[in-house]
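Please look over the sequence and the model below. The text that follows goes through two helices and a pocket.

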Amino acid sequence: LMFSCMSFALPTIFNSYPSDDSKSVLKVSRIGAVIVLSSYVAYLIFQLLTHERTLGDEEDALSPGLEDEPEAPEEDEDDAGPGLTAGCATLLMALCTLFVAINSEYLVDTIAEVVRDYGLPESFIGVILLPIAGNACEHASAIRFAMQDRPGLAIGIAVGSATQISLLVVPFSVIVGWFMDKPLDLDFGALNTAVVTFCNLVVLTLLLDGRSNWFM
């Protein structure tokens, strides 16, 4: 997350100087997008292929007391094997992606009408309301696993979404805009970049030593 923040901050700093033209900022953004996306691919290889057993052992270490306690039927269902084949899961994911893409088009048009009719700021809807509504299921899952004394899964769900957006969605959008000849850069503005950086510092403070409480 800190690496992605640095990638977002550099184009913002470059664009703040009047001497640097937009082409230089766009070039830096595209190079940074390629590097960030490559780091996400390396992160997936590390997590899913090369160090899967190590990360599983760390999850067991972060969940004390689960081995001594009798497992509930609900937890047995969670630990069961996969219920779908690879082909069926891929087809289902493709259909869901198509359905979400169609709904997103209608959602964008609806947001424009709401901004025009009710006077709500577009940035407030896009930055505050949509993430809360869109990630409601993930928030509920994180709270559920935290209540079951499984902090590793809870933290993984909470931080995983931010990691996917910053390391995958944002640089992928820049690269797609590059192929479509659209001037999409990583300049999010000084305020937005500062807020994201401070949020990452808070997360880093919470997770640095692997221990936390309600206060910090």
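**Two helices and a pocket**

Helix H8 bends by about 35° at Ile-165. This is a predicted model, and the bend is computed from it. H8 covers residues 151-179, which makes 29 residues. From its first C-alpha to its last, H8 reaches 41 Å, close to the 42 Å expected at 1.5 Å a residue.

Which residues of H8 are buried? They are Gly-152, Ala-154, Ser-161, Thr-163, Ser-166, Leu-167, Val-170, Pro-171, Val-174, Ile-175 and Gly-177. An α-helix has 3.6 residues a turn, so residues three or four places apart point the same way. Beyond the end of H8 comes Asp-181, with a positive phi near 60°.

The other helix to follow is H5, which runs over 86-118. H5 has 33 residues and spans 46 Å between its first C-alpha and its last, close to the 48 Å expected at 1.5 Å a residue. Just after H5, Gly-119 has a phi that is positive, at about 75°.

H5 also leads to a pocket. The second largest pocket holds about 310 Å³ of space. It is lined by 13 residues, and the closest to its centre are Ser-104, Leu-107, Val-108, Ile-111 and Leu-130. Which helices each supply at least two residues of this lining? They are H5 and helix H6, the latter covering 122-134. H5 gives the largest share of the lining, with 9 residues. Sorted by class, the lining of the second largest pocket has 9 nonpolar residues, 3 polar and 1 charged.

Definitions and conventions. Residues numbered from 1 in each chain as written. Predicted model: local features only at pLDDT ≥ 70, side-chain atom pairs only at ≥ 80, totals over all residues. Heavy atoms only, no water. 1 Å grid on protein atoms, 1.4 Å probe; cavity = no way out; pocket = protein on both sides within 12 Å on 5 of 7 lines; lining within 4 Å. Points joined across faces, edges and corners; volume = space filled by probe spheres on them. Helix = DSSP H or I, 4+ residues; strand = E, 2+ residues; numbered from the N terminus. Nonpolar A, V, L, I, M, F, W, Y, C, P; charged D, E, K, R; others polar. Expected span 1.5 Å × (residues − 1). Bend = angle between axes of the 7 residues up to and from the residue. Buried < 20%, exposed > 50% of the residue type's maximum accessible area, 1.4 Å probe, protein only.
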